[in-house]
Amino acid sequence: MTEVSGAGDLYLDAGETWDMATRLDNLGHGPAQSASLAWSTPGPYANMTSTTQDFGVIEPGEGAWSLAPVTFEVAVTAPDDIQLCLDALQTTDGVQTYAS
């Protein structure tokens with residue numbers, strides 16, 4: 001993760017903006033075509049300002065980093081030591097394959 005704006009102390013703090021790159025590994029037997037992640041935040045203390053990461057084709061047994069990071073903001077009302085929840089929905093070939 002990379003701090004885009006904030007205190008510059010490498011800790012998530014209220015009012016800061018962060019970029020997050022993600023790696024996907026293909027544990028299947030065929031290529032993962034058009035792999036992507038769609039991000040959301042169920043809680044009130046984070047806001048996704050970009051929500052989708054694309055990975056292109058990931059061959060079996062290989063991994064890939066997202067072509068671009070997603071960006072999220074920590075709410076100015078977030079209390080200290082809060083745990084943020086970011087949900088991800090993975091799709092491959094336009095079909096939902098995994099949610100976390």
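**Strands, core and confidence in a predicted model**

Colleague: Where in the protein chain is confidence lowest, and where is it highest?
Modeller: This is a predicted model. Its confidence bottoms out in strand E10, residues 95-99, with a mean of 71. At the other end stands strand E7, residues 63-65, where confidence is highest, at 95.

Colleague: What pLDDT does the protein chain average, and what share of residues scores at least 70?
Modeller: The protein chain averages a pLDDT of 89. A score of at least 70 is reached by 98% of the residues.

Colleague: What is the strand order of the open sheet of 4 strands?
Modeller: Take the pairs in turn. E1 (residues 2-5) pairs with E2 in the antiparallel sense, over 3 bridges. E2 in turn is joined to E8 by 4 bridges, again antiparallel. With E5 added, the order reads E1-E2-E8-E5.

Colleague: Which are the edge strands of this open sheet, with its order E1-E2-E8-E5?
Modeller: The order of the sheet is E1-E2-E8-E5, with antiparallel pairing. An edge strand pairs on one side only. That leaves E1 and strand E5 (46-50).

Colleague: By how much are neighbouring strands of this sheet turned against each other on average?
Modeller: The strands in question are those of the antiparallel sheet E1-E2-E8-E5. With direction ignored, the average turn between neighbouring strands is 30°.

Colleague: Which residue in E8 stands opposite Thr-17?
Modeller: Start on the E1 side. Glu-3 stands opposite Trp-18 in E2, and Ser-5 stands opposite Thr-17 in E2. Across in E8, the residue opposite Thr-17 is Glu-73.

Colleague: Which element gives the most to the largest nonpolar core?
Modeller: The core has 16 residues, and Leu-24, Trp-39 and Phe-72 are among those with the most contacts inside it. Strands E2 (17-20), E4 (32-40), E6 (52-58) and E8 (70-74) each give two or more residues. The top contributor, with 4 residues, is E4.

Colleague: Which glutamine is in contact with Leu-24, leaving aside neighbours within four places in sequence?
Modeller: Leu-24 is among the core residues with the most contacts inside the core. Its partners include Ala-35, Leu-37, Phe-55 and Ile-58. Glu-62, Gly-63 and Ala-64 also touch Leu-24. The glutamine in contact is Gln-90.

Colleague: Why does Gly-56 count as partly exposed?
Modeller: Gly-56 is found in strand E6. Beyond its sequence neighbours, Gly-56 touches Ala-32, Gln-33, Ser-34, Ala-35 and Leu-67. Partly exposed covers the range between 20% and 50%. Gly-56 counts as partly exposed because its relative accessibility is 28%.

Colleague: How far apart in space are Gly-56 and Met-20, C-alpha to C-alpha?
Modeller: In sequence, Gly-56 and Met-20 are 36 residues apart. In space, C-alpha to C-alpha, the separation is 18 Å.

Colleague: Which side chains meet in a salt bridge?
Modeller: The count comes to 1 salt bridge. The N to O distance is 3.0 Å. One partner is partly exposed at 40% relative accessibility, namely Arg-23; the other is partly exposed at 47%, namely Asp-25. The pair is Arg-23 and Asp-25.

Colleague: Is Gln-83 buried or exposed?
Modeller: Gln-83 lies in the loop between E8 and strand E9 (87-92). From Thr-71, Gln-83 is 12 residues away in sequence and 17 Å away in space, C-alpha to C-alpha. The cut-off for exposed is over 50%. At a relative accessible area of 75%, Gln-83 is exposed.

Note on methods: Residues are numbered from 1 along each chain as its sequence is written. This is a predicted model: local features need pLDDT of at least 70, side-chain atom pairs count only at pLDDT 80 or more; totals for chains, interfaces and linings use all residues. Side-chain values use heavy atoms; hydrogens and water are left out. A nonpolar core is a set of buried Ala, Val, Leu, Ile, Met, Phe, Trp, Tyr and Cys residues joined through side-chain atoms within 4.5 Å. Buried means under 20% relative accessible area, exposed over 50%, partly exposed in between (1.4 Å probe, protein chains only). Contact means heavy atoms within 4.5 Å. pLDDT is the predictor's confidence in each residue, from 0 to 100. Two strands pair if DSSP finds at least two bridges between them. Axes are lines fitted to C-alpha atoms, for helices over the stretch in contact, and angles run from 0 to 180 degrees between N-to-C directions. A salt bridge is a side-chain nitrogen of Lys or Arg within 4 Å of a carboxyl oxygen of Asp or Glu.
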